[in-house]
Amino acid sequence: MRRPIVVGNWKMNGRRASVDHLIAGLRAVGGVDVAVCPPAIFIRQVVEGLGGKGIGVGAQDVSLYEQDGAYTGEVSASMLSDAGCSYVIVGHSERRALCGETDEDVARKFANALRAGLCPILCVGETLEEREQGVTESVVARQLDAVLGVSGVAAFERALIAYEPVWAIGTGRTATPEQAQQVHAFIRARLAAHDAGVASRARIQYGGSMKPENAAELMAMPDIDGGLIGGASLKAEDFMAICAAAGGAA
Ligand code: PGA
């Protein structure tokens, strides 16, 4: 049985005071792993503020460069680990679209994260145009294969996948449980073609306008093992309600 995991992606939101306020409303939930990914500048504040609550902390991105050195503005995987992170999101569609991250970049970041002992959360997903063209599966396969090619299938014992249809992110337009399940099953089958055992244990989260009202039905699907939550993770009450729904699906 896979243990569900709910991760909050705060994106570029917050100030020190609002971060303290949000931290105060978070607590561990039985039967489910919980983590939050604040902007890098707030990571220490969150690690210290959540101390003892049993909630993990992650980053939203990591440098392509592994070793310390002349990389102005970059934050390495090893620095994230040193700061108290256990997770890092890689390949979020906003970074692919706005920062030009390629599948190869994402695969390198994923590998750097693993080597630093972090659990990468690999985001994959199609745009609306790609869905309408009927190429959802080939897009997701390409994104997944880039990482499989560099890190191998066994990496998914220590990593997470988040299926995030781009058209559902921040739009209020959630994938139906059936639409999401179809892609989750496809991802698991793709892993199973390499190693059926790893595939059966790999955790695949859904992301894209998940909220308290739709979390339970999404997470009731057989291949949906939790959520990556953007907007709704900025309200402690909503985020906790989603975590409770995941606990109920466990
Ligand atoms: P959303 O974002 O929940 O606001 O749609 C999800 C994400 O981008 O991870």
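User: A crossing is left-handed if the near helix is turned anticlockwise from the far one by less than a right angle, and right-handed if clockwise. Which way does H5 pass H7?

Analyst: H5 crosses H7 in the right-handed sense. The residues in contact (heavy atoms within 4.5 Å) are Asp103, Ala107, Phe110, Ala111 and Leu114 on H5, meeting Arg142, Gln143, Ala146, Val147, Val150 and Ser151 on H7. Sorted by class, that contact has 7 nonpolar, 2 polar and 2 charged residues. Here Ala, Val, Leu, Ile, Met, Phe, Trp, Tyr, Cys and Pro are nonpolar, Asp, Glu, Lys and Arg charged, and the others, Gly among them, polar.

User: Before we go on, what kind of model is this?

Analyst: It's a predicted model, where local features need pLDDT of at least 70 and side-chain atom pairs count only at pLDDT 80 or more, while totals for chains, interfaces and linings use all residues. Residues are numbered from 1 along each chain as its sequence is written, and side-chain values use heavy atoms, with hydrogens and water left out.

User: Cool. At what angle do H5 and H7 pack?

Analyst: Helix H5 (residues 103-115) and helix H7 (residues 136-151) meet at about 45°, and their axes are 9 Å apart. That makes H5 and H7 oblique to each other, since angles under 35 degrees are roughly parallel, over 145 roughly antiparallel, 65 to 115 roughly perpendicular and the rest oblique. Axes are lines fitted to C-alpha atoms, for helices over the stretch in contact, with angles from 0 to 180 degrees between N-to-C directions.

User: And how do the axes of H7 and H8 cross?

Analyst: The axes of H7 and helix H8 (residues 177-192) cross at roughly 40° and come within 11 Å, so H7 and H8 are oblique too. H7 passes H8 in a right-handed crossing. On H7, Thr136, Glu137, Val140, Ala141, Leu144, Asp145 and Leu148 take part, and on H8 the partners are Val183, Phe186, Ile187, Arg190 and Leu191. This contact splits into 8 nonpolar, 1 polar and 3 charged residues.

User: Switching to pockets: what volume does the largest one have?

Analyst: About 500 Å³. It has 22 lining residues, with Met12, Pro39, Gln60, Asp61 and Arg95 nearest its centre. Helix H4 (residues 93-98) gives the largest share of that lining, 3 residues. The lining is 12 nonpolar, 5 polar and 5 charged residues.

User: How is a pocket defined?

Analyst: On a 1 Å grid over the protein atoms alone, it is an open set of points where a 1.4 Å probe fits, with protein on both sides within 12 Å along at least five of seven lines; lining residues have an atom within 4 Å of a point.

User: How much space lies in the second largest pocket?

Analyst: About 250 Å³. It is lined by 21 residues, and Gly170, Ser209, Gly230, Gly231 and Ala232 are the closest to its centre. That lining has 7 nonpolar, 11 polar and 3 charged residues.

User: What phi does Ser209 have?

Analyst: Ser209 has a positive phi of about 55°, though it is not a glycine. Ser209 sits in the loop between strand E7 (203-207) and helix H10 (212-219).

Key: Grid points are joined across faces, edges and corners, and a volume is the space filled by probe spheres set on the points. Helices (H or I, at least four residues) and strands (E, at least two) are DSSP runs, numbered from the N terminus.
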